Amino acid sequence: MKLLEQHKCFDGYWQRYEHFSSSCQCEMTFSIFLPFDVQQGETKDKKAALFWLSGLTCNDQNFVQKAACERYAVQHQMIIVAPDTSPRGVDIEGEDDDWDFGSGAGFYLDATKKPWQSNYNMYTYIVDELFKLVTEQFPIDVKRIGISGHSMGGHGALTIGLKHPDQFRSVSAFAPICAPSQVAWGKKAFSGYLEQGCELEQYDACQLIAKGYRVPHIKVDQGKADDFLEPQLKPELLLQACHEAEVPLELSIRDGYDHSYFFIASFIDDHIAYHKAQLSGMSE
């Protein structure tokens with residue numbers, strides 16, 4: 001790993017790293033918040049961690065600079081891992097043509113369609129490669145790791161959490177794309193990245209729940225003034241799927257809040273506290 005930058009904040013440190021990814025076959029970047037003074041040496045105590053998956057058009061820095069999570073991460077002694085949303089600059093024709101497909105829009109899946117299949121493997125990158133890298137290099141308790149995200153990243157958090165409950169032991173999301181196979185964003189991504197015949201339900205939270213995938217609890221916050229609420233996000237479908245499968249879902253519809261990071265900054269403390277509580281009592 002190559003350290004790109006480091007910033008002290010609320011007695012913790014944001015660090016940003018670059019490394020070569022075998023999953024994505026390119027240099028990838030991620031940020032990590034360490035809730036202690038790294039100048040005094042690495043803490044001996046392994047800490048709970050939260051993976052944060054960002055949404056369309058974002059990279060790791062959207063969360064780092066706008067979410068205002070640091071005070072709460074220090075308070076709860078939780079490490080935050082914030083990866084990018086896709087490979088960058090891999091010279092695929094059309095990768096920068098659309099804001100909702102290609103660069104910044106990896107959808108946390110493994111592409112099977114050419115020419116995307118060699119690089120656009122964000123699912124494997126998050127679940128296998130980045131997970132192994134950060135748990136080996138930083139003082140993270142592998143039995144106390146949660147996952148969360150926003151919009152496309154909320155979709156990623158839900159689907160990855162549902163498929164890997166022993167790896168990511170708490171799950172939450174802000175304004176997630178709950179049923180991507182039924183909305184325009186998801187249909188565009190799935191048809192562009194995946195060959196016909198691929199099981200789309202493996203990347204759809206509602207369909208995963210219907211097929212029997214389970215987690216102990218899910219927390220979702222959704223802004224009522226979100227312009228994408230009706231056409232793209234559809235939390236009512238997640239609510240129905242969880243109700244039918246008896247999966248505990250805490251769904252909060254927040255009056256006046258939109259899709260922006262103003263919304264996330266307003267409730268990130270609730271989510272960090274939620275994950276700390278869900279992960280308490282678990283340790284390696």
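**Group meeting: a walk through a predicted model**

Good morning. I begin with helix 5, which covers residues 184–193; its buried residues are Trp-185, Gly-186, Ala-189, Phe-190, Gly-192 and Tyr-193. Please keep in mind throughout that this is a predicted model. The spacing along this helix invites a general remark. An α-helix has 3.6 residues a turn, so residues three or four places apart point the same way. Against which element do the buried residues of helix 5 pack? Their partner is helix 7, residues 229–233.

Let me now step back to the chain as a whole. The chain contains 9 helices and 9 strands. Its radius of gyration is 18 Å, close to the 19 Å that the globule rule gives for 284 residues, so the chain is as compact as a globular protein of that length. Along the principal axes, the C-alpha atoms occupy a box of roughly 50 × 45 × 35 Å. Of the 284 residues, 59% count as buried. If we take contacts between residues at least 6 apart in sequence, 73% of them join residues at least 24 apart.

Turning to the surface, the chain exposes about 11,700 Å², and carbon and sulfur atoms supply 45% of that area. As for charge, there are 25 positive and 40 negative side chains. The centres of these two sets lie 5 Å apart.

I move next to the interior. In soluble globular proteins, nonpolar side chains tend to be buried together. In this chain, the largest nonpolar core has 93 residues. Which residues have the most contacts inside that core? They are Phe-51, Phe-63 and Tyr-193. Helix 3, residues 122–137, gives the most to this core, with 9 residues. We have already met Tyr-193 among the buried residues of helix 5.

Phe-51 deserves a closer look. Leaving aside residues up to four places away in sequence, Phe-51 touches Val-81, Ile-126, Leu-130, Phe-131, Val-134, Ile-145, Gly-146, Ile-147, Ser-148 and Phe-168.

Another residue to locate on the model is His-155, in helix 4, residues 152–163. Is His-155 buried or exposed? Its relative accessible area is 1%, and because buried means under 20%, His-155 counts as buried. With residues up to four places away in sequence left out, His-155 touches Phe-107, Pro-176, Ile-177, Pro-180 and Tyr-203. The C-alpha atoms of His-155 and Trp-116 are separated by 20 Å, and these two residues are 39 apart along the chain.

I close with some details of the backbone. The peptide bond from Lys-114 to Pro-115 is cis, with omega near 0°. Pro-115 is found in the loop between strand 5, residues 78–83, and helix 3.

Tyr-108 is also placed in the loop between strand 5 and helix 3. Although Tyr-108 is not a glycine, its phi is positive, at about 55°. Tyr-108 is buried, with a relative accessible area of 0%.

Where is Ala-175 found? It is in the loop between strand 7, residues 170–174, and helix 5, which brings us back to the helix I began with. Ala-175 is a residue other than glycine with a positive phi, near 45°. With a relative accessibility of 0%, Ala-175 counts as buried.

Thank you for your attention.

Note on methods
Residues numbered from 1 in each chain as written. Predicted model: local features only at pLDDT ≥ 70, side-chain atom pairs only at ≥ 80, totals over all residues. Heavy atoms only, no water. Helix = DSSP H or I, 4+ residues; strand = E, 2+ residues; numbered from the N terminus. Rg over C-alpha atoms; globule rule 2.2 N^0.38 Å. Buried < 20%, exposed > 50% of the residue type's maximum accessible area, 1.4 Å probe, protein only. Contact = heavy atoms within 4.5 Å. Areas by Shrake-Rupley, 256 points an atom, 1.4 Å probe, with all protein chains shown as cover. Lys, Arg positive; Asp, Glu negative; His and termini not counted. Charge placed at Lys NZ, Arg CZ, Asp CG, Glu CD. Core = buried A, V, L, I, M, F, W, Y, C linked by side-chain atoms within 4.5 Å.
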